[in-house]
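I opened my notebook to look around a new structure, one place at a time. Here is what I looked up, in the order I went.

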Amino acid sequence: MLNTVYLQTFLAVVETGSFSAAAKRLHLSQPAVSQQIRALEEQVGGVRLFRRSGQQMVLTLAGEQLLTSAREMVALAERTVQAVSALRGQVGGRVAIGCLAGGVEAFLPHLLTIVQRQYPALTVDIELQQAERLFEGLAERRFDLAILSDAPRRRGFETRLLAGERLALTAVIGHDLLQQEQVPVGVLRDCPLALPRVGHPLRRSIEDGLRRRGLSVGELRVVCETDSPLLLRAAVEAGQALSFLPVSVLPARLDRLGVVALAGQPLVQEWYLVRLRERTTARIVDLLVECLLGEGARSTLLRLGLSA
């Protein structure tokens, strides 16, 4: 019989690309990971499952043959544990959520606090990735859910609106624009700006919002580009530039930066909860979705300045 613990370790090495990274994810020592992989290789007939390619561990042909079955067996084991836990009134297990890097870090922990109170036996595994990798992870069932800021126009995925987040134009305390009651959008042509890189969903939200007001990003003086909202905030606080920041990354006390009263409707970035349309998921995943879209989550989002 194959050991499901060894199979989980095998999948961790596949997903991270190395024994050391898998050990870090699983909170094990690297020798322990190596030992479990060797034990698994013995269980499947003494064949090698990995070979080294540069700095990465890649699957051998035998490893590729095992991969699909390993995912199915681990998923079945987790569903079985969750079903038995439910019989004694304790719903739990592990749910993998893939999130867009540089986006949800500020507000997702607040939502997961609500989830943890309702399902204390649940463990949420969060991985930050670019959008394309998130879709791949969903298709390969490495992720149960994904949170993205673009509604996917792809067949086979179910999408629910999670939240809308206002993008605030911010400037360092003392900036002249903070003294004005209504700032015309055209003023931005004369201001240095820090923006996400081209192609990032937050950059697209900013570009679309400005375009609707008759202003092209090509007309602006962009002096800094980064996909990290915290680095964008730091650029504002240092006086380097103005920036559109999601309200969830604004500090609790605005003692180093302020919000410019830009004329017109605010720019908004939307967040979506995405999962496979055709799926055989554990009950806990359905319960987690209900919790993330429930009244408690909506109240928390409103408190953080997001719409729900």
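**Entry 1: a buried charge.** Before starting, I wrote down one cut-off: a residue is called buried when its relative accessible area is under 20%. I also noted that a salt bridge needs a side-chain nitrogen of Lys or Arg within 4 Å of a carboxyl oxygen of Asp or Glu. I kept in mind that this is a predicted model.

My pick was Glu165, which sits in strand S6, residues 157–172. Which side chain of opposite charge is nearest to Glu165? I found Arg166, 9.1 Å away. Glu165 is buried and has no salt bridge, because a salt bridge would need the two atoms within 4 Å.

Next I asked what the side chain of Glu165 does reach. I found the backbone nitrogen of Val247 at 3.5 Å. Leaving out residues up to four places away in sequence, I saw that Glu165 touches several others, including Phe107, Pro246, Ser248, Trp271 and Leu306.

**Entry 2: the nonpolar cores.** I moved on to Phe107, since I had just met this residue as a contact of Glu165. Phe107 belongs to the largest nonpolar core, which has 53 residues. Together with Val115, Ile147, Leu162 and Leu288, Phe107 touches the most other members. Helix H9 gives this core its largest share, 7 residues. Apart from this core lies another one of 21 residues, among them Leu167, Leu177, Leu220 and Leu262. I added a reminder for myself: in soluble globular proteins, nonpolar side chains tend to be buried together.

I then followed Leu288. Not counting residues up to four places away in sequence, Leu288 touches Val95, Ile97, Val115, Leu122 and Leu145.

**Entry 3: helix H9.** Why can I call H9 largely enclosed by the rest of the structure? The helix covers residues 283–292, and 7 of its 10 residues are buried, so the description fits. I listed the buried ones as Ile284, Val285, Leu287, Leu288, Val289, Cys291 and Leu292.

**Entry 4: a small hairpin.** I looked at strand S1, residues 50–53, which pairs with S2 in the antiparallel sense over 4 bridges. Ser53 stands opposite Gln56 in S2. The two strands form a hairpin with 2 residues between them, and Gly54 in the turn has a positive phi of about 65°. Strand S2 has two faces: Met57 and Leu59 are on the covered one, and Gln56 and Val58 are on the uncovered one.

**Entry 5: charges that do pair.** After Glu165, I wanted to see some salt bridges. How many are there? I noted a count of 14.

Arg189 forms one with Glu219, and their closest N and O atoms are 2.7 Å apart. This pair links distant parts of the chain, 30 residues apart: Arg189 is in the loop between S6 and strand S7, and Glu219 is in the loop between helix H7 and strand S8. Arg189 is partly exposed at 37%, and Glu219 is partly exposed at 36%.

Inside helix H7, Arg203 and Glu207 lie 4 residues apart, about one turn of the helix. Their side chains meet in a salt bridge at 3.0 Å, N to O. Arg203 is buried at 5% relative accessibility, and Glu207 is buried at 18%.

In helix H8, Glu237 and Arg233 meet at 3.5 Å, N to O, and they too are 4 residues apart. Glu237 counts as buried at 18%, while Arg233 is partly exposed at 22%.

My last find was a network of salt bridges linking Glu15, Arg25 and Glu127.

How values were computed
Residues numbered from 1 in each chain as written. Predicted model: local features only at pLDDT ≥ 70, side-chain atom pairs only at ≥ 80, totals over all residues. Heavy atoms only, no water. Buried < 20%, exposed > 50% of the residue type's maximum accessible area, 1.4 Å probe, protein only. Pairing = 2+ DSSP bridges. Lys, Arg positive; Asp, Glu negative; His and termini not counted. Polar contact = N/O pair within 3.5 Å; in protein donor to acceptor, adjacent residues only side chain to side chain. Contact = heavy atoms within 4.5 Å. Core = buried A, V, L, I, M, F, W, Y, C linked by side-chain atoms within 4.5 Å.
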